[in-house]
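Please read the report below alongside the sequence and the 3D structure, looking up each residue as it is named. The chain is described as a whole before individual places are taken up.

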Amino acid sequence: MNKTIKSLLVAGLALSMGACSSTSNKETKEEMKDGSYTAEVNGHNGSMTVETQISEGKISKIDITEHTETYGIGYGMPTTPVEAIPEKIIETQSLGVDTITGATITSAAIINGVAEGVKQAGGDSDALKKVEVKSENKDTTIDADVVVLGAGAAGMSAAIEASNAGSKVVILEKQGIIGGSTTRSGGKLIAAGTKYQEEQGFTGDTPEALFDYFKSVGGDKLDDVKLKEFTDNALTDVNWLEDMGVDIINVEPIHSSITPWRVMNTKGGGGQVSGIGGQISVPLYDTLSKTDTEIFYETTADEILMKDGVITGAKGTRKDGTSVTVNAPNVIIATGGYAQSEEYTSHLKMGKVATSVPAGNVGDGIQLGQDVGAKIEFTDGIQEVLVSFSCGVGINEESGLIVTDDGKRFVNEYTYQSHVATAARKAGSIGAYYIATEDDPNQTVQYGLTLDSTLSADSVEELAEKMNVDAKTLTKTIDRYNELCDKGEDEDFGKPAEYMQKIEGKVYAIPLSRSYTVTFDGLVTDIDSHVLDENNKAIPGLYAAGEVAFTGLFGDEYPSCGLAIGASVRYGRIAGINAAAGK
């Protein structure tokens, strides 16, 4: 780690022994017996083992020996809880240390594990929780060439390129860790002409063919110039990431009905999984840490500074209320999307919807841009899925009958899951139901049939009553579906005949809930990552990349895993290069 980032981490902890209450510390010291104490606690993803060493009446060592936390969120970097929280506790001899924003559950689990160890040693964990840890932060002003707002895939890519070009770079990151939505994702990338395709027998794939696929999904809503910039350079960016240490293990299909296979999995990934993106964000961080970039964590960017129409920097507020002002002629907005914002998702008319993206994804970068005259666009597009949070049905290519909230069929069920969810939304349905029978061939469905949340009945009419839908409507839907199954041809939606299975006998309905992830709209940018004003003119010195500026790269629905991270890297790199050059 470079000295600058290390010094900022220490300053960000703002922890000193002098801040502790000497009386409480003395009393606890006298009570604790030397030794090693082990506690089992619940982390974010499961059980965690915390070993606390007491020496001379003080907490001298903390080891998290076993855990299943997410790489890049729970562990893997100097700022993640497994590494940072023990250091905080030992330095302050306090259990009142702050949790890390963006990884609060893991942070709290470690603190609880140490508290249990203190109790086993005969100490007073409640007293240690009251030991005050004061912040030593002060209002800070710093000069730089480029200030980046956000440290996800786009922000880190931008910072790396700008720093490598010789610029002094400062990042303001809202969370206590880097990575944003990328870390929580499935860690997938997409490109054409890769060696991983060739290994699976898919030869001759080209950037032009990849462009054509995206165009077939997004249609006229796409900015062809911006999309072509991505597809032409996707493989170059994959190679750039691999050079940093990103470990790609194989390639898989966008959907089993779509060839050639193009989606690349990073280590630990494959299929519809999440929490793998640390395999991308951690190598980006490791590369960034070798530069002179300064990162201010838990610092929310709240103002882009401008004087006489010229960008002059940005200002942020730390978690403790102190300010960070960065004087810089170039600002790159990379704050992520807005899936956590009911205000910004209200145009989709779905009400409050579940999402797995970071809590900080509220669209604040959009407002920052608007405040300095940026053009904003919103469409009807968003990445969405319909899924049972109990059994996973909805994302694993189950191909049975799916109906809207009012019992109507609306889509070819054997297709990419985002297409299914978008089709339901266009039909006005917030959720959906997967209608199944006892002989459904899908394992996830079979598991779902055993759950109390799954509705079941001996007749369609009885099931309709439990679903709170009109019995005649549901009966008509199922009768028509069965008719098409007998014909061996889906005349309504074109599902392959081999995936048409009649609904007979005892019937089940697995509720599917809507979930949002990637947002498509926000700041309008050009191919050079310049933020445009209402007259489509570039605002000098202002750039944007990543989810805050995906305008023109998506249509109504998400076309494939890998596009979001890939586009973030592509336009982040462009933003960093151009900001460093003042172009």
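What follows is an account of a predicted model, beginning with the overall fold and ending with one helix.

**The chain as a whole**

The chain contains 18 helices and 24 strands. Its radius of gyration is 26 Å, close to the 25 Å that the globule rule gives for 583 residues, so the chain is as compact as a globular protein of that length. Taken along the principal axes, the box filled by its C-alpha atoms is roughly 80 × 60 × 45 Å.

Of the 583 residues in the chain, 57% are buried. Where contacts join residues at least 6 apart in sequence, 70% of them link residues at least 24 apart. The accessible surface comes to about 23,200 Å², and carbon and sulfur atoms account for 46% of that area. The chain carries 49 positive and 85 negative charges, and the mean positions of these two sets are 4 Å apart.

**Two residues in helices**

Thr106 is found in helix H4, which spans residues 104–120, and with a relative accessible area of 3% this threonine is buried. When residues up to four places away in sequence are not counted, Thr106 touches His44, Met48, Glu69, Gly74 and Pro81.

Is Glu242, in helix H10, buried, exposed or partly exposed? Glu242 lies in helix H10, residues 224–244, and its relative accessibility of 22% makes it count as partly exposed, because buried means under 20% and exposed over 50%. Leaving aside neighbours within four places in sequence, Glu242 is in contact with Lys195, Tyr196 and Ile248. Glu242 and Ser289 are 47 residues apart in sequence, and their C-alpha atoms are 17 Å apart in space.

**Backbone features in loops**

Thr259 and Pro260 are joined by a cis peptide bond, with omega about 0 degrees. Pro260 has its place in the loop between strand E8 (248–252) and strand E9 (263–266).

Two loop residues other than glycine have a positive phi, and the table sets out their values.

| Residue | Phi | Loop between | Relative accessibility |
|---|---|---|---|
| Glu298 | near 50 degrees | strand E10 (294–296) and strand E11 (299–307) | 17%, buried |
| Lys349 | near 60 degrees | helix H12 (342–345) and strand E15 (354–355) | 70%, exposed |

Glu298 thus counts as buried at 17% relative accessibility, whereas Lys349 is exposed at 70%.

**Helix H16 and its cover**

Which residues of helix H16 are buried? In this helix, which runs over residues 460–467, they are Val460, Leu463, Ala464 and Met467. These residues cover an arc of only 105 degrees around the axis, which puts them on the same side of H16. An α-helix has 3.6 residues a turn, so residues three or four places apart point the same way.

The cover over the buried residues of H16 includes both strands and a helix: strand E18 (401–403), strand E19 (432–437), strand E20 (455–457), helix H17 (471–487) and strand E21 (507–519). Just after H16, Asn468 takes a positive phi of about 65 degrees.

Conventions:
Residues are numbered from 1 along each chain as its sequence is written. This is a predicted model: local features need pLDDT of at least 70, side-chain atom pairs count only at pLDDT 80 or more; totals for chains, interfaces and linings use all residues. Side-chain values use heavy atoms; hydrogens and water are left out. Helices (H or I, at least four residues) and strands (E, at least two) are DSSP runs, numbered from the N terminus. The radius of gyration is taken over C-alpha atoms; the globule rule is 2.2 Å times the number of residues to the power 0.38. Buried means under 20% relative accessible area, exposed over 50%, partly exposed in between (1.4 Å probe, protein chains only). Contact means heavy atoms within 4.5 Å. Accessible areas come from the Shrake-Rupley method with a 1.4 Å probe; for residues, only the protein chains shown count as cover. Lys and Arg count as positive and Asp and Glu as negative; His and the chain ends are not counted. The place of a charge is taken as NZ of Lys, CZ of Arg, CG of Asp or CD of Glu. The arc is that of the directions from the helix axis to the C-beta atoms.
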